[in-house]
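This report describes a protein model, beginning with the packing of one helix and proceeding to the surroundings of a capping residue, the salt bridges and the overall fold.

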Amino acid sequence: DPLASQAASDRLRSWTGLAEGSSLEGAALAVHRLLARSPALLVAASLEDALGVTLRPNLPGTIRERPNWRLPLPKMLEELEKDPEAMALAAALARGPRPR
(Lines give C-alpha, C1' and ligand atoms only; values in the text may rest on other atoms or scores of the structure.)
Protein backbone atom coordinates (compact mmCIF):
# COMPACT_ATOMS: atom_id res chain seq x y z
CA ASP A 1 0.00 0.00 0.00
CA PRO A 2 1.85 3.13 -1.19
CA LEU A 3 -0.05 5.49 1.13
CA ALA A 4 0.69 3.41 4.23
CA SER A 5 4.32 3.07 3.17
CA GLN A 6 4.65 6.84 2.71
CA ALA A 7 3.00 7.47 6.09
CA ALA A 8 5.43 5.06 7.77
CA SER A 9 8.39 6.77 6.04
CA ASP A 10 7.13 10.19 7.14
CA ARG A 11 6.81 9.01 10.77
CA LEU A 12 10.29 7.50 10.66
CA ARG A 13 11.77 10.74 9.36
CA SER A 14 9.90 12.80 11.96
CA TRP A 15 11.03 10.58 14.87
CA THR A 16 14.67 10.21 13.77
CA GLY A 17 15.46 13.33 11.78
CA LEU A 18 16.45 11.26 8.74
CA ALA A 19 16.51 12.99 5.39
CA GLU A 20 14.26 11.73 2.62
CA GLY A 21 16.08 9.14 0.53
CA SER A 22 18.36 7.98 3.38
CA SER A 23 19.96 4.58 2.94
CA LEU A 24 18.55 1.43 4.50
CA GLU A 25 21.63 1.21 6.73
CA GLY A 26 21.19 4.82 7.83
CA ALA A 27 17.53 4.24 8.62
CA ALA A 28 18.28 1.07 10.62
CA LEU A 29 20.98 2.88 12.61
CA ALA A 30 18.69 5.86 13.31
CA VAL A 31 15.87 3.60 14.49
CA HIS A 32 18.16 1.62 16.78
CA ARG A 33 19.61 4.85 18.21
CA LEU A 34 16.07 6.00 18.92
CA LEU A 35 15.22 2.66 20.54
CA ALA A 36 18.40 2.79 22.65
CA ARG A 37 17.27 6.14 24.11
CA SER A 38 13.85 4.74 25.00
CA PRO A 39 12.95 3.70 28.55
CA ALA A 40 12.68 0.06 27.41
CA LEU A 41 14.67 -2.32 29.60
CA LEU A 42 15.48 -4.56 26.64
CA VAL A 43 16.32 -3.47 23.10
CA ALA A 44 17.84 -5.82 20.56
CA ALA A 45 18.92 -5.80 16.95
CA SER A 46 18.80 -8.71 14.55
CA LEU A 47 21.86 -9.76 12.60
CA GLU A 48 19.82 -9.03 9.47
CA ASP A 49 19.37 -5.43 10.63
CA ALA A 50 23.05 -5.10 11.49
CA LEU A 51 24.05 -6.28 8.01
CA GLY A 52 21.38 -4.44 6.03
CA VAL A 53 19.63 -7.63 4.88
CA THR A 54 16.15 -6.89 3.56
CA LEU A 55 14.93 -10.49 3.29
CA ARG A 56 13.52 -11.61 6.65
CA PRO A 57 14.41 -15.07 7.99
CA ASN A 58 10.86 -16.06 8.86
CA LEU A 59 7.77 -15.16 6.89
CA PRO A 60 4.71 -16.45 8.75
CA GLY A 61 2.25 -18.53 6.76
CA THR A 62 4.81 -20.01 4.42
CA ILE A 63 5.88 -23.63 4.59
CA ARG A 64 7.02 -24.74 1.15
CA GLU A 65 7.12 -21.38 -0.63
CA ARG A 66 10.16 -20.05 1.22
CA PRO A 67 13.27 -21.46 2.93
CA ASN A 68 12.32 -20.00 6.32
CA TRP A 69 15.11 -20.03 8.90
CA ARG A 70 17.61 -21.20 6.27
CA LEU A 71 18.57 -17.87 4.74
CA PRO A 72 22.32 -17.33 4.99
CA LEU A 73 23.74 -14.03 6.17
CA PRO A 74 25.92 -12.17 3.66
CA LYS A 75 28.92 -12.39 6.01
CA MET A 76 30.33 -14.92 8.42
CA LEU A 77 29.81 -14.16 12.11
CA GLU A 78 33.57 -13.68 12.50
CA GLU A 79 33.40 -10.82 9.98
CA LEU A 80 30.81 -8.83 11.94
CA GLU A 81 33.36 -6.95 14.02
CA LYS A 82 34.97 -5.70 10.80
CA ASP A 83 31.68 -4.45 9.35
CA PRO A 84 31.31 -0.69 9.99
CA GLU A 85 27.49 -0.68 9.84
CA ALA A 86 27.19 -3.62 12.23
CA MET A 87 29.65 -2.03 14.65
CA ALA A 88 27.85 1.34 14.48
CA LEU A 89 24.56 -0.36 15.30
CA ALA A 90 26.13 -2.27 18.21
CA ALA A 91 27.68 0.94 19.53
CA ALA A 92 24.34 2.75 19.29
CA LEU A 93 22.67 0.08 21.42
CA ALA A 94 25.57 -0.01 23.88
CA ARG A 95 25.21 3.74 24.51
CA GLY A 96 21.54 3.47 25.42
CA PRO A 97 20.24 4.37 28.86
CA ARG A 98 20.97 1.94 31.65
CA PRO A 99 18.24 0.45 33.82
CA ARG A 100 17.94 2.01 37.25
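## Packing of helix α4

The buried residues of α4 pack against α2 (24-36) and α3. The model under discussion is a predicted one. Within α4, the buried positions are A86, L89 and A92. These residues span an arc of only 125° around the axis, so they fall on the same side of α4.

A86 also belongs to the largest nonpolar core, which has 5 residues in all. The other members of this core are A50, L51, V53 and L80. With residues up to four places away in sequence left aside, A50 touches A86 and L89, as well as D83 and E85.

## D83 at the start of α4

D83 is situated in the loop that connects α3 (47-50) with α4 (84-94). There D83 caps the N-terminal end of α4, with a side-chain oxygen 3.1 Å from the backbone nitrogen of E85.

Is D83 buried or exposed? The relative accessible area of D83 is 5%, and D83 is therefore buried, the cut-off for this class being under 20%. Apart from residues up to four places away in sequence, D83 touches A50, L51 and K75. Two of these contact partners, A50 and L51, are members of the largest nonpolar core. The capping residue thus has contacts with A50 and L51, while its side chain reaches the backbone nitrogen of E85.

## Salt bridges

A search of the whole structure yields 4 salt bridges. Among them is the pair D10 and R13, whose closest N and O atoms are 2.3 Å apart. Both residues lie in helix α1 (residues 2-16), where a spacing of 3 residues corresponds to about one turn of the helix. R13 also forms a salt bridge with E20, and here the closest N and O atoms are 3.9 Å apart. D10, R13 and E20 are accordingly linked in a network of salt bridges. Of the acidic members, D10 is partly exposed at a relative accessible area of 35%, whereas E20 counts as exposed at 62% relative accessibility.

A further salt bridge joins R56 to D49, with 3.3 Å between the closest N and O atoms. R56 has a relative accessibility of 32% and counts as partly exposed. D49 is likewise partly exposed, its relative accessible area being 26%.

## Overall fold

How many helices and strands does the protein have? The protein contains 4 helices and 0 strands, and its elements follow the order α-α-α-α from the N terminus on. Measured out along the principal axes, the box filled by the C-alpha atoms is roughly 45 × 40 × 25 Å.

The protein has 100 residues, of which 22% count as buried. Among contacts with a separation of 6 or more, 45% are between residues 24 or more positions apart. The accessible surface amounts to about 7500 Å², and carbon and sulfur atoms account for 60% of this area.

Note on methods:
Residues are numbered from 1 along each chain as its sequence is written. This is a predicted model: local features need pLDDT of at least 70, side-chain atom pairs count only at pLDDT 80 or more; totals for chains, interfaces and linings use all residues. Side-chain values use heavy atoms; hydrogens and water are left out. Helices (H or I, at least four residues) and strands (E, at least two) are DSSP runs, numbered from the N terminus. Buried means under 20% relative accessible area, exposed over 50%, partly exposed in between (1.4 Å probe, protein chains only). A polar contact is a pair of N or O atoms within 3.5 Å; within protein, one must be able to donate a hydrogen and the other to accept it, and residues adjacent in sequence count only if both atoms are side-chain atoms. Contact means heavy atoms within 4.5 Å. A nonpolar core is a set of buried Ala, Val, Leu, Ile, Met, Phe, Trp, Tyr and Cys residues joined through side-chain atoms within 4.5 Å. The arc is that of the directions from the helix axis to the C-beta atoms. A salt bridge is a side-chain nitrogen of Lys or Arg within 4 Å of a carboxyl oxygen of Asp or Glu. Accessible areas come from the Shrake-Rupley method with a 1.4 Å probe; for residues, only the protein chains shown count as cover.
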